[in-house]
Amino acid sequence: ELERRLKDVSASDGLLKTVVKEVKDVEGAASVVASRGTSRHLCEYSFELQYTMTRVQEAAEAAEGKAATIVCLGSLSYSDVTASKASGMVEVGGVANKYTTDPPPAEEPIVAASIEMLKLRVLQELEQFDEELKAKKV
């Protein structure tokens with residue numbers, strides 16, 4: 001379920017569009033534990049997301065069937081995703097970005113901002129997954 005959700009993640013800022021192309025190395029577990037009438041939702045997992053970042057096409061270009069220009073390729077490695085004991089919300093530990101193909105130097109700031117936007121969208125999906133887990137009956 002988590003893998004399917006993450007595969008659908010994308011982010012666009014109007015200039016660049018970043019799309020998750022593959023979810024790899026998903027490891028970990030999520031469970032519900034009931035103790036003394038209180039349910040606790042535990043999760044701990046790690047995964048890698050491979051992404052493609054392209055320029056947003058004009059409608060005319062897309063209609064002509066022109067392929068979008070690739071700005072860079074890379075991966076985000078999430079090494080420590082857990083449920084916070086204090087807040088009950090999802091906490092993301094280490095996230096490492098690695099470029100497979102480097103972005104043009106002049107575009108590095110906007111590429112970095114687009115990657116941060118993708119991380120935010122991933123966090124939103126993780127939180128929705130956690131909410132669905134919490135809604136399940138023990």
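Buried means under 20% relative accessible area, exposed means over 50%, and partly exposed is what falls in between. Keep that in mind for these close-ups, which all come from a predicted model.

**View 1. Arginine 4 pairs up with aspartate 8.** These two residues form a salt bridge, and their closest N and O atoms are 3.9 Å apart. How open is arginine 4 to its surroundings? Its relative accessibility is 47%, so arginine 4 counts as partly exposed. Aspartate 8 comes out as exposed because its relative accessible area is 54%. As a bit of background, side chains of opposite charge can pair when their charged atoms come close. This pair is part of a bigger tally: a search of the whole structure turns up five salt bridges.

**View 2. Arginine 55 meets glutamate 107.** Here's another salt bridge between side chains, with an N to O distance of 2.6 Å. Arginine 55 sits in strand β3 (residues 38-55), while glutamate 107 sits in the loop between β6 (95-101) and α3, so the pair ties together parts that are 52 residues apart in sequence. Are the two partners buried or partly exposed? Arginine 55 is partly exposed, since its relative accessible area is 33%. Glutamate 107, on the other hand, has 18% relative accessibility, so glutamate 107 counts as buried.

**View 3. Glutamate 116 and lysine 119 link up within helix α3.** Both residues belong to helix α3 and are three residues apart, which is about one turn of the helix. They form a salt bridge whose closest N and O atoms are 3.1 Å apart. Glutamate 116 has a relative accessible area of 47%, so glutamate 116 is partly exposed. Lysine 119 is partly exposed too, with a relative accessible area of 22%. There's also a network to look for: Arg5, Arg121 and Glu125 are joined into one by salt bridges that share partners.

**View 4. Serine 114 is tucked into helix α3.** You'll find serine 114 in helix α3, which covers residues 108-135. Is serine 114 buried or exposed? It counts as buried because its relative accessibility is 3%. Which residues does serine 114 touch, leaving aside its neighbours within four places in sequence? They are Asp13, Leu16, Thr18 and Met53. With aspartate 13 there's something extra to spot, as the side chains of serine 114 and aspartate 13 are joined by a polar contact of 3.2 Å.

**View 5. Leucine 133 has partners from far away in the sequence.** Leucine 133 is another resident of helix α3. With a relative accessibility of 10%, leucine 133 counts as buried. What does leucine 133 contact once its neighbours within four places in sequence are set aside? The list is Ala30, Ser31, Val32, His41 and Leu42. Take serine 31 from that list: serine 31 and leucine 133 are 102 residues apart in sequence, yet their C-alpha atoms are 7.9 Å apart in space.

**View 6. Glutamate 127 and glutamate 91 make a pair to compare.** Glutamate 127 has its place in helix α3. Its relative accessible area is 26%, so glutamate 127 is partly exposed. How far apart are glutamate 127 and glutamate 91 in space? From C-alpha to C-alpha the distance is 9.2 Å, while in sequence the two are 36 residues apart.

Technical notes:
Residues numbered from 1 in each chain as written. Predicted model: local features only at pLDDT ≥ 70, side-chain atom pairs only at ≥ 80, totals over all residues. Heavy atoms only, no water. Helix = DSSP H or I, 4+ residues; strand = E, 2+ residues; numbered from the N terminus. Buried < 20%, exposed > 50% of the residue type's maximum accessible area, 1.4 Å probe, protein only. Polar contact = N/O pair within 3.5 Å; in protein donor to acceptor, adjacent residues only side chain to side chain. Contact = heavy atoms within 4.5 Å. Salt bridge = Lys/Arg side-chain N within 4 Å of Asp/Glu carboxyl O.
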